[in-house]
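Visitor: I would like to learn how to read a structure one feature at a time. Where should we begin?

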Amino acid sequence: MTSVPKAFSSVEKGSDPVMDRLGVLISGRGSNLQAIIDAIQAGRLRARIAVVISNRAAAPGLARAAAAGIETVVLSHRAEASRVVYDHALVRALKDRGVTLVCLAGFMRLLGAVFCDAFPNAILNVHPSLLPAFPGVDAQRQALDAGVAISGATVHFVTPELDAGPIILQAAVPVQAADTLESLSARILEQEHQILPEAIQLVLDGRCYIDRGQVVIR
Ligand code: GRF
């Protein structure tokens, strides 16, 4: 599938600014992917999605991409012998499509140095906690179990260390006494949908630089 989404059809080929070709990596539902698509279509994010790649063929997010006319690729990690081989395959799929900025939107695999070195300071991840608190899986459950009063969402640059790269944007979400995993996750997700497109635009505008391991926003 390589059709051009309607919203972008008036943009001439070759007129992209240097970094505006996004590759979005997903594993599941794809609501953050949808937030990126919606922000582009609403003109809040000046970018285009060159490809959506999933490591799971059954990821519902693939249908969201297809509905927006975006090319989809399934690259199953099970088919590859090792992380290094898988990372090389991912890099190739993205570079072949001219991707300059990679967004991990619910991509449930750790990426190694091979991948990170191929896109220096050009991989973003969205995570459902105020990092460095609660990295890894089940961040919302971790927050409830810890009894914190405030959790939230983070968008950060990706490094080979899990959920540990320089932080670009965060949004706080108060934890309520009556919160369940579902209710807290839903309020955090709303914030993810806000800050992910915002962070992408900041990076595309060249407004983020990294100084001694921390992001400075101009
Ligand atoms: C989000 O909570 C994201 O922060 C986490 O996985 C979830 C993916 O949700 N990494 P979706 O697939 O974008 O709906």
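Visitor: Does Ser-54 count as buried or exposed, and at what relative accessibility?

Guide: This is a predicted model, and the values below are computed from it. Buried means under 20% relative accessible area. Ser-54 has 0% relative accessibility, so this residue counts as buried. Ser-54 belongs to strand 2, residues 48-54.

Visitor: Which backbone oxygen does the side chain of Ser-54 reach?

Guide: The backbone oxygen of Ile-26, at 3.5 Å.

Visitor: Now the ligand. Which residues surround the ligand?

Guide: The shell consists of Arg-29, Gly-30, Ser-31, Asn-32, Gly-106, Val-126, His-127, Pro-128 and Glu-192. By class, these shell residues are 2 nonpolar, 5 polar and 2 charged. Helix 1 (31-41) supplies at least two of the shell residues, and strand 5 (123-127) also supplies at least two.

Visitor: Which polar atoms lie close to oxygen atoms of the ligand, and at what distances?

Guide: For polar contacts, the cut-off is 3.5 Å between N or O atoms. A polar side-chain atom of Ser-31 is 2.6 Å from a ligand oxygen. From the backbone, an N or O atom of Gly-30 lies 2.8 Å from an oxygen of the ligand, and a polar backbone atom of Asn-32 is 2.9 Å from a ligand oxygen. The ligand taken alone exposes 370 Å², and the protein buries 87% of that.

Visitor: What pocket does the ligand take up?

Guide: The space taken by the ligand is the largest pocket.

Visitor: Where is Ser-31 placed, and is Ser-31 buried or exposed?

Guide: Ser-31 is in helix 1. The relative accessible area of Ser-31 is 11%, so this residue is buried. A separation along the chain and a separation in space are two readings to take side by side. Ser-31 and Gly-106 are 75 residues apart along the chain, and their C-alpha atoms are separated by 8.7 Å. Both residues are in the shell around the ligand.

Visitor: Let us turn to the backbone. What is the usual sign of phi, and what is the usual form of a peptide bond?

Guide: Most residues other than glycine have a negative phi, and most peptide bonds are trans. Here, a cis peptide bond joins Leu-131 and Pro-132, with omega about 10°. Pro-132 sits in the loop between strand 5 and helix 5 (139-146).

Visitor: What is phi of Asp-163, and what is phi of Arg-212?

Guide: Phi of Asp-163 is near 50°, which is positive in a residue other than glycine. Phi of Arg-212 is near 45°, again a positive value in a non-glycine residue. Asp-163 is in the loop between strand 6 (150-157) and strand 7 (167-174). Arg-212 is in the loop between strand 8 (208-211) and strand 9 (214-217).

Visitor: Are Asp-163 and Arg-212 buried or exposed?

Guide: Exposed means over 50% relative accessible area. Asp-163, at 13% relative accessibility, counts as buried, whereas Arg-212 has a relative accessible area of 76% and is exposed.

Visitor: One more residue. Where is Asp-179 found, and with which side chain does its side chain make a polar contact?

Guide: Asp-179 is in the loop between strand 7 and helix 6 (181-204). Its side chain makes a polar contact with the side chain of Arg-187, at 2.8 Å. With a relative accessible area of 13%, Asp-179 is buried.

How values were computed. Residues are numbered from 1 along each chain as its sequence is written. This is a predicted model: local features need pLDDT of at least 70, side-chain atom pairs count only at pLDDT 80 or more; totals for chains, interfaces and linings use all residues. Side-chain values use heavy atoms; hydrogens and water are left out. A residue is near a molecule or strand if one of its heavy atoms lies within 4 Å of it. A polar contact is a pair of N or O atoms within 3.5 Å; within protein, one must be able to donate a hydrogen and the other to accept it, and residues adjacent in sequence count only if both atoms are side-chain atoms. Accessible areas come from the Shrake-Rupley method with a 1.4 Å probe; for residues, only the protein chains shown count as cover. On a 1 Å grid over the protein atoms alone, a cavity is a set of points where a 1.4 Å probe fits but cannot get out, and a pocket is an open set with protein on both sides within 12 Å along at least five of seven lines; lining residues have an atom within 4 Å of a point. A molecule sits in a cavity or pocket if more than half of its atoms lie within 2 Å of its grid points. Helices (H or I, at least four residues) and strands (E, at least two) are DSSP runs, numbered from the N terminus. Ala, Val, Leu, Ile, Met, Phe, Trp, Tyr, Cys and Pro count as nonpolar, Asp, Glu, Lys and Arg as charged, and the others, Gly among them, as polar. Buried means under 20% relative accessible area, exposed over 50%, partly exposed in between (1.4 Å probe, protein chains only).
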